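User: Please take a close look at one part of this structure, the pairing of its strands, and then follow the links from there to the surroundings. A connected explanation suitable for a first-year student would be appreciated.

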Amino acid sequence: MIKVILITGRNLEQGTSKSIGKFSKEYMEKLAICELDPEDLKSLGIESGQNIKIKTNYGEVIVKAIESKQAPHKGIAFIPYSIWANLLLGSSTNSSGMPTFKGIEAIIDVAKEGKILDLNELLKEKFEMI
Amino acid sequence: MKTINNVVCSFCGCLCDDIEVGIENNKIVKVKNACSLGISKFLNYDKHRILKPRIRKSNEFINVSLEEAIDECVEILSNASYPIIYGWSNTSNEALRIGVEIAELIGGVIDNTTSVCHGPTIIGVQDIGESTSTLGQVKNRADLIIYWGSNPLHAHPRHLSRYTALSKGRFVKTRKERKVIVVDVRKTATANIADIFIQIKPNSDYELLSALRYAVNNGEIEQDEVAGVPVEKIEELAEMMISCKFGALMFGLGLTMSPGKHRNIEAAIALVTDLNKYTKFVILPMRGHYNVTGANNVTCWITGYPFAVDFSKGYPYYNPGETTIADIIARGECDAALIVASDPISHLPIESAKKLSKIPIITIDPHETPTTKVSKVVIPSSYVGIECEGTAYRMDGVPLRLKKIVDPPDGIVSDEEILKMILSKLRGD
Amino acid sequence: MKILIKNGYVYDPLNKIDGEIMDIAIENGKIVESVSGEVIEIDAKNMIVMPGGVDLHSHIAGSKVNAGRLLRPEDHYKDVEKKTNVKRSGVGHTIPSTFTTGYRYSEMGYTTVMEAATPPLKTRHTHEELNDMPMIDKACLSVLDNNWIVLDYLSKNELEKCAAFIGWILNAIKGYGIKIVNPGGVELWGWGKNVKTIDDQVPPFNITPREIIRGLCKVNKMLNLPHTIHLHTNNLGTPGNYRTLIESMKCVSDLSDGSIILHVTHVQFCGYKGYSWITLSSGADEIAKFVNENKYVTLDLGQIVFGDATTMTADGPFQYILYSLSKNKWINADVEAETSAGIVPYRFKKKNYVNAIQWSIGLELALLIKDPWRVFLTTDHPNAGLFTSYPKLIAWLMSNKAREKILKKVNKRAKSKMILPSLEREYSFYEIAIVTRAGTAKALGLKNKGHLGIGADADIAIYDINPKEIDPSKEYKKVRKAFRKAAYTIKDGKIVCKNGEIVENIFGRTYWVNVDIPKDLLISTISEVKEKFEEYYTVKMENYAIHENELLKSAPLKINSNL
């Protein structure tokens, strides 16, 4: 288990795969991920490509851990913008209009057997009508 | 194959207008000059399309005619007490003009994705102003370029080659003549090509910006480090900023989305404003979507305010934190939503997305998204800049006309036309 | 539609009509000899009938105006407009939203407004806003004096090519005329610098402000544009700048063949004597003397009105100075290879020495300059005051008593320095008609505006005030009231406003100049310029141009150049 600061944001894969389609296989492969500094992967005792569970005060999600190509950033986890990322975020804006999409405290655990939900499964689980 | 030149790309705020597109049989088959984001859009616009309007009837989607979908839409909006019309950054000014008129007519709220993107930037500007310029000014004159909380190589890939570090200007012609500084919490791809990378502790931009401002104004910082950055580095940076001929600070969501929000922006703006005592300095926000700047401008000239405009009292009312989409939905106050060219179910925090899904949603969009999946009414539309014309504003306010390159799929019309039909029905024309 | 305005006191200075009781006949949007059949009759007995107002300098639309709106939400809260069956909602005060701007002009009987300054690269934005501005005809002046390609040509004295290029730009961006703002100074502002005199060098162009003004004056003549060059001088807002103003006017004196060749704008801001703010005094005396003796110049006042204002000009360095003095919020927005813009909120106070002197300068100029055909009523909206204050200005011009009322309240030291208290001249209704419509339309070269002759556009204002019974000198409050809300505003032969209330929402035309440039010259100039253009700018030349169908109601003036 490690404590991190969570950043959600843009990257090239997020930009290109959303044009391909949010329900495409490519989208899920590229976006249901979390980029970790190699040292953080070591602390967790896992390799790049294994599943992890990320938890914040607002929710949790299982995604694939990837070794970051934009390191070093020990203690910082990066998830590209997507529903998977937003499962971890709170709605409060502190009257600014803007929820906090970056700089949130999170805990990461290994989740070897955990399943990453695809978009349809996620929608079914979280939104009643589907 | 037919080639069309000087095409304007409709992905990000760079609004590159030098794209070459090859068409065959009403389909784009070749793209030149665009970055991977642009190429991806130009070559995949025809995938995952919604081809027919549909209405949800007892948990199942039924395809309907455009007229039926419009009728249902009008029914929902007329009966709502506090509807919100949201999205806009991925469509034309012409469409948004109609959207504002609709919001005014039904006494609802009109908001755009600025709310969850550079809204804090606008609030910061409203507090203290900003010294800015168009991008060509940076290209032609800037010898100091700073990217703060922004990773253009991933979000605005041609920014450096067209407008900043790698561009050729009248007065500054080569990369060697420019110094590039990146401030970020990670060593991003952009940081990798910078002359100086400053790794900042997360959530401490306000402190570092204030320390820089202090140093620029000749104050002596008494701590050894601020925001994880040693004081020597801060003073070196301040000196570079004062002694450049023309400095440009470009910033992104690293500043707007971390705690501090608009206060972070004010600190950045104040730093740049103070630098103008010593040299020429400008600040530019890295706007994400290709027409979010247009969305702000259209909303502002019609209502006086750039986003989050509430018409429920019959006149425009603006109070970010109250009339912004995230807050309206969190409070559970709106009872209907018209979403245009946007996917809020994907990009709002989950509890808000859930609340949004519980009210009737009308979505106008070319392709399937989580928002279309939970909507009550879905009306497919054409892509501006590919299948229909429209006006969009670059991140620095430069207005460009997007071309129509190919025809949309059969029966699909533009956002603007759909909204005109809705407006007309609402007015009882 | 046919309308007959009966029994009104008509003031139509372009046709030398001075308060005659006459009927005015309208058909199909034009003024005609007579009408018969189904005619709407307006009884204008005991009322004044004038051509619709023509404002030749106001900042109403475009990127810097909108930046001002964005900057000042606090300005909007004070003044909101609810949606009605006829009107769109909006906000007012110093920077009204577009719909509200149109309505408020129309309510005062104004029917044509010139947007004072638009940066060519962003003029598409100006036109989008003008498209959303109802009730009035409009046009925009294009800022061209710090344009890199223009400066390149002027410095090499290649005037024909410069003219061809400017003709191309005006056509491409649908502009109306050549606007000059702090020539040379705004280019230097790209480095945070400015010019101090009209003979300062502007590196790397090897040119001076004097040469820019002269060059553009010549180009204007070569293009045969309907309006003269429109000049915002160097050193605006600086104590002692009345000298710069006079030098700037003098510098083209040899270029006139007797005709008017220069318009200087918001001259109040350029009329300062003294060498510091404490020693500030009015230069109106000397300026008026020059203008009275030199008949090739027209000017507009830029009259101060006490209260809130939002300063916004293309004069980047001046706006920075104002920010430094006032410490208010400040927006600066340079436009690559062309110009700049600056915005600073401001408030003019009666008890403030400087503001009081500033207030007196505009009025002194209006009262000392003898020829009303060459001095026009403006507030450089929203810089010195709001356009909705025009009725106040009219009262000040017509009534010494109205001026005295203000003079009692202004800063006393300022008052002791002014010559205004000794000026007793009072404008007549005829002269007011000149400085608010006839003269301005003439100066702009809008032949169908500003008068009520046969064939003119039926743009008419009827004011509920009886010129035979009212003594405007004493009853200035009635004058103000009458001009604040027109009894009728008629636009293109339609009654659009009654008793200051909009009754019909219509959209006017956007005028621009379509200059006929010799084909060979145009082609060779553009092909020579294209490469440099696309090096300097960050857009393609093809995308810089605006298509005519982007204007809601395009109304080009076909101009035969002298090229």
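Analyst: Two strands are said to pair if DSSP finds at least two bridges between them. Such pairing runs through backbone hydrogen bonds and may be either parallel or antiparallel. The description below concerns a predicted model.

The account begins with a sheet of chain B. It is an open sheet of five strands, paired in parallel, and its order is S11-S10-S9-S14-S15 (chain B). At the edges stand strand S11 (196-199) and strand S15 of chain B, each of which pairs on one side only. Direction being ignored, neighbouring strands of this sheet are turned by 15 degrees against each other on average. Within the sheet, five bridges connect strand S9 (residues 144-148) of chain B with strand S14 (residues 246-251) of chain B in the parallel sense. Looking at individual residues, B:Tyr147 has B:Met250 in S14(B) as its bridge partner.

Helices pack on this sheet as well. Helix H10 (residues 231-243) of chain B touches S9, strand S10 (179-184), S11 and S15 of chain B, and its direction makes about 135 degrees with that of S11(B). Helix H12 (residues 261-275) of chain B touches S14 and S15 of chain B, with about 160 degrees between its direction and that of S15(B).

The edge strand S15 leads on to a cavity. The second largest cavity has a volume of about 590 Å³. Its lining comprises 35 residues, and those closest to its centre are B:Glu130, B:Asn297, B:Asp396, B:Gly397 and C:Ala67. Strand S15 (280-285) of chain B is one of the elements that each supply at least two residues of this lining; others among them are helix H13 (292-303) of chain B and strand S18 (330-334) of chain C. The largest share, five residues, is the contribution of H1(C). In terms of domains, the lining draws at least three residues from each of domain 2 (54-117 + 290-427) and domain 3 (119-285) of chain B. By residue class, 16 of the lining residues are nonpolar, 13 polar and six charged.

An antiparallel sheet of chain B may be read alongside the parallel one. It is an open sheet of three strands in the order S1-S2-S3 (chain B). Strand S1 (2-7) and strand S3 (27-32) of chain B each have a single partner strand, so one side of each lacks a neighbour in the sheet. From one strand to the next, the twist averages 30 degrees. S1(B) and strand S2 (residues 19-24) of chain B run antiparallel and are joined by four bridges, and B:Val7 stands opposite B:Ile19 in S2(B). Across S1, S2 and S3 of chain B lies H1(B), which runs at about 165 degrees to S3(B).

Helix H1 in turn leads to another cavity. A search of the whole structure finds nine cavities of 30 Å³ or more, and the largest holds about 800 Å³ of space. This largest cavity is lined by 46 residues, of which A:Lys18, A:Lys22, B:Asn90, B:His289 and B:His347 are closest to its centre. Helix H1 (36-44) of chain B is among the elements that give two or more residues to this lining, as is helix H2 (25-31) of chain A. The largest share, four residues, comes from H1(A). The lining of the largest cavity divides into 18 nonpolar, 21 polar and seven charged residues.

Note on methods. Residues numbered from 1 in each chain as written. Chains lettered and ligands numbered in written order. Predicted model: local features only at pLDDT ≥ 70, side-chain atom pairs only at ≥ 80, totals over all residues. Heavy atoms only, no water. 1 Å grid on protein atoms, 1.4 Å probe; cavity = no way out; pocket = protein on both sides within 12 Å on 5 of 7 lines; lining within 4 Å. Points joined across faces, edges and corners; volume = space filled by probe spheres on them. Nonpolar A, V, L, I, M, F, W, Y, C, P; charged D, E, K, R; others polar. Domains from an automatic or database assignment. Axes fitted to C-alpha atoms, helices over the stretch in contact; angles between N-to-C directions. Contact = heavy atoms within 4.5 Å.
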